Amino acid sequence: MSQVTGAFPRRRPRRIRKHDFSRRLIAENTLTVNDLIYPVFVLEGNARREVVESMPGVERLSIDLLLEEVAELVALGVPAVALFPVTPQEKKSLGAEEAYNPEGLAQKAVRALKREFPELGVITDVALDPFTTHGQDGIIDETGYILNDITTEVLVKQALSHAEAGADMVAPSDMMDGRIGAIRDALEAAGHVNTQIMAYSAKYSSSFYGPFRDAVGSAGNLGGGNKHTYQMDPANSDEAIQEVAMDIEEGADMVMVKPGMPYLDIVRRVKTELQVPTFAYQVSGEYAMLKAAAQNGWLDEKKVVLEALLCFKRAGADGILTYFAKPVARWLKEAE
């Protein structure tokens, strides 16, 4: 790549940074409301609201209250929500049968959202950890090892149930091998040819997920366990490119890198080397850290959040899942 050269003082890089107008003119990246996806947690029942203690400002909502929350998001122009159900303990099982119950919580929430807000993008999580008694993302054998192919069969049933409920996009976040191809084939065979797949292709076995597991109620089930045998090693980068390439070949429409900020190098590599629609998840631990620092007066919440999300864009993300989506949408609207 050619480089612009020039000796000081003929070239003064600060010259074009002196004024606001010129800084705006040369800005290489811009954050807009169109970049935002809002993750939401849904509860069974009516008029129910529960605070997620480890994620200040985030709540679990019953479907009726979720519709009120989403109405504000739609008014702000947020294009999509990502839906995460909170499964009661008595509905969890070793086989995760509740995951594909046509009258399950996620399926009912999808139908309600599409009925009230047909233009809103509704993305559903395809994974079994909210539905298993052990908190893992799949079906286990007698040693506790996740059985890949049997798990994929259940994931296919789950994805089909979401598509039949009206989900616009299914998002497999489990990291089983071959599940994207199996889900794509099943969607095509069932006539859901326009149901999109957002594959969590580079999902790392990260310690930044703790508050999310509290939010969906899987932390207690997982206990002291981990997900090292199927989620990616944080030490690896080339492996992520291989995973993304496989999922695209199998039929994914777009891919996800998760977590976000500590893995922006992966976002950049995916976007540069594979040139596919690339998304990133500013995960619960990232949210909790920024919130805690802001609440302690150590950081300016608005400034650091907008800076962090702009960095996602600079790294190459086409869109960002973030629990800050609602306040960010407000801030961007106020700045218009």
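This is a guided tour of one protein structure, stop by stop.

The structure is a predicted model, in which local features need pLDDT of at least 70, side-chain atom pairs count only at pLDDT 80 or more, and totals for chains, interfaces and linings use all residues. Residues are numbered from 1 along each chain as its sequence is written, and side-chain values use heavy atoms, with hydrogens and water left out.

**The whole protein**

Begin with the entire chain in a cartoon view. The protein contains 12 helices and 10 strands; these are DSSP runs numbered from the N terminus, helices being H or I runs of at least four residues and strands E runs of at least two. Along the principal axes, the C-alpha atoms fill a box of roughly 70 × 45 × 40 Å. The radius of gyration is 21 Å, which agrees with the value near 20 Å for a compact globule of 336 residues. That radius is taken over C-alpha atoms, and the globule rule is 2.2 Å times the number of residues to the power 0.38.

Next, switch to a surface view. The accessible surface comes to about 15,700 Å², and carbon and sulfur atoms account for 51% of it (Shrake-Rupley method, 1.4 Å probe). Of the 336 residues, 54% count as buried; buried means under 20% relative accessible area, exposed over 50%, and partly exposed in between, with a 1.4 Å probe and protein chains only. Among contacts between residues at least 6 apart in sequence, 74% join residues at least 24 apart, a contact meaning heavy atoms within 4.5 Å.

**The aromatic cluster**

Now select Phe-41, Phe-84, Tyr-200, Tyr-281, Tyr-287, Tyr-323 and Phe-324, which ring pairs link into a cluster. Rings of Phe, Tyr and Trp (its six-membered ring) pair if their centres lie within 6.5 Å; planes under 30 degrees apart count as stacked, over 60 as edge-to-face and the rest as tilted. A search of the whole structure finds 7 aromatic pairs. One of them joins Tyr-287 and Tyr-323 in an edge-to-face arrangement, 5.7 Å centre to centre with 65° between the planes. This pair links distant parts of the chain, 36 residues apart: Tyr-287 belongs to helix H10 (residues 284–295), while Tyr-323 is in the loop between strand S10 (319–322) and helix H12 (325–334).

Keep Tyr-287 selected and add Phe-324. These two rings form a tilted pair, 4.5 Å centre to centre and with 45° between the planes. Here too the pair links distant parts of the chain, since Phe-324 lies in the loop between S10 and H12, 37 residues from Tyr-287 in helix H10. Tyr-287 is buried because its relative accessible area is 3%, and Phe-324 is buried with a value of 0%.

**Two cis peptide bonds**

Move to Pro-9, in the segment before helix H1 (20–26). The peptide bond from Phe-8 to Pro-9 is cis, with omega near 10°. Then select Pro-259, in the loop between strand S8 (254–258) and helix H9 (264–274). The bond that leads to Pro-259 from Lys-258 is cis, with omega near -5°.

**Two positive phi angles**

Finish with Ala-96 and Gln-275. Ala-96, a residue other than glycine, has a positive phi near 55°; its place is in the loop between strand S4 (80–85) and helix H3 (105–116). Gln-275 also has phi near 55°, and is found in the loop between H9 and strand S9 (278–282). Is each residue buried or exposed? Ala-96 is buried, with a relative accessible area of 0%, whereas Gln-275 counts as exposed at 65%.
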